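Trainee: I should like a close look at the aromatic rings in this structure. Please take me through how they are arranged and what surrounds them.

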Amino acid sequence: MSVYKYFLLLVFANNSLIGPFFSLQPIFEKMDSKNVDCWVLTRVGERIAYDWRILPEHLQLNFFVVKKRMLQADTWKLFLKNEIPIEHWEVAFTTFVKKEGFMWLSYINIERYNDATVTNNIDLLHTVSYELLKDYRYPFLVKDYFCTKN
């Protein structure tokens, strides 16, 4: 028997973010009304990485929610058992969600940064944090900005 049967949703958050600076309630209210199996705060369109590789579109998983239908799916449980290196997890998760036909949505989707032109697409969290906070009430900042290794 799966413990997931008792959950309506499960929130995943990692320690790469600082916040929240705004209430999460409006976000959850909006996203709860959507007919999706999982949702994220942001996604990144296919883009050119800093080392010039092409990175496929992926959901940013520093904060994401998985809802009941996906939580109870056997394929989800199998996916979690995979030993995926952390640096590949976002792309692997996005591939899994699409392959299994789960419905997903990004709370913030700024079209000019996520379009069919690879060179237009950027990592929102590392590039336009101020815009996310000011214009979209994105509730977090990336901790890297405040913690240097020097």
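**The aromatic rings**

Mentor: Ring pairs join Phe12, Phe64, Trp76, Phe79, Trp89, Phe93, Phe96 and Phe102 into a cluster. The model in front of you is a predicted one. Counting rings whose centres lie within 6.5 Å, one arrives at 17 aromatic pairs. One of them is formed by Phe12 and Phe64, two members of the cluster; their rings are stacked, with 4.6 Å from centre to centre and 10 degrees between the planes. Phe12 belongs to strand β1 (residues 9-13) and Phe64 to strand β8 (residues 63-67), so this pair ties together parts that are 52 residues apart in sequence. As for exposure, Phe12 is partly exposed, its relative accessible area being 23%, whereas Phe64 is buried, with a value of 4%.

A second pair, that of Phe28 and Trp39, is edge-to-face, because the ring centres are 5.2 Å apart and the planes stand at 75 degrees. Here helix α1 (residues 25-32) supplies Phe28 and strand β3 (residues 38-40) supplies Trp39, so the pair ties together parts that are 11 residues apart in sequence. Both Phe28 and Trp39 are buried.

To set the rings in context, two further places may be considered. The loop between β9 (104-106) and α5 (124-127) contains Asn109. Asn109 is partly exposed, with a relative accessible area of 33%. Leaving aside residues up to four places away in sequence, Asn109 touches Arg43 and Asn114. With Arg43 there is also a polar contact of 3.1 Å between the side chains. Val44 lies 65 residues from Asn109 along the chain, and the C-alpha atoms of Asn109 and Val44 are separated by 8.9 Å.

The other place is helix α6 (residues 129-136), where the buried residues are Ser129, Glu131, Leu132 and Leu133. In general, an α-helix has 3.6 residues a turn, so residues three or four places apart point the same way. Following α6 comes Arg137, which has a positive phi, near 55 degrees.

To return to your request, the two ring pairs described show two geometries: Phe12 and Phe64 are stacked, while Phe28 and Trp39 are edge-to-face.

Terms used. Residues are numbered from 1 along each chain as its sequence is written. This is a predicted model: local features need pLDDT of at least 70, side-chain atom pairs count only at pLDDT 80 or more; totals for chains, interfaces and linings use all residues. Side-chain values use heavy atoms; hydrogens and water are left out. Rings of Phe, Tyr and Trp (its six-membered ring) pair if their centres lie within 6.5 Å; planes under 30 degrees apart count as stacked, over 60 as edge-to-face and the rest as tilted. Helices (H or I, at least four residues) and strands (E, at least two) are DSSP runs, numbered from the N terminus. Buried means under 20% relative accessible area, exposed over 50%, partly exposed in between (1.4 Å probe, protein chains only). Contact means heavy atoms within 4.5 Å. A polar contact is a pair of N or O atoms within 3.5 Å; within protein, one must be able to donate a hydrogen and the other to accept it, and residues adjacent in sequence count only if both atoms are side-chain atoms.
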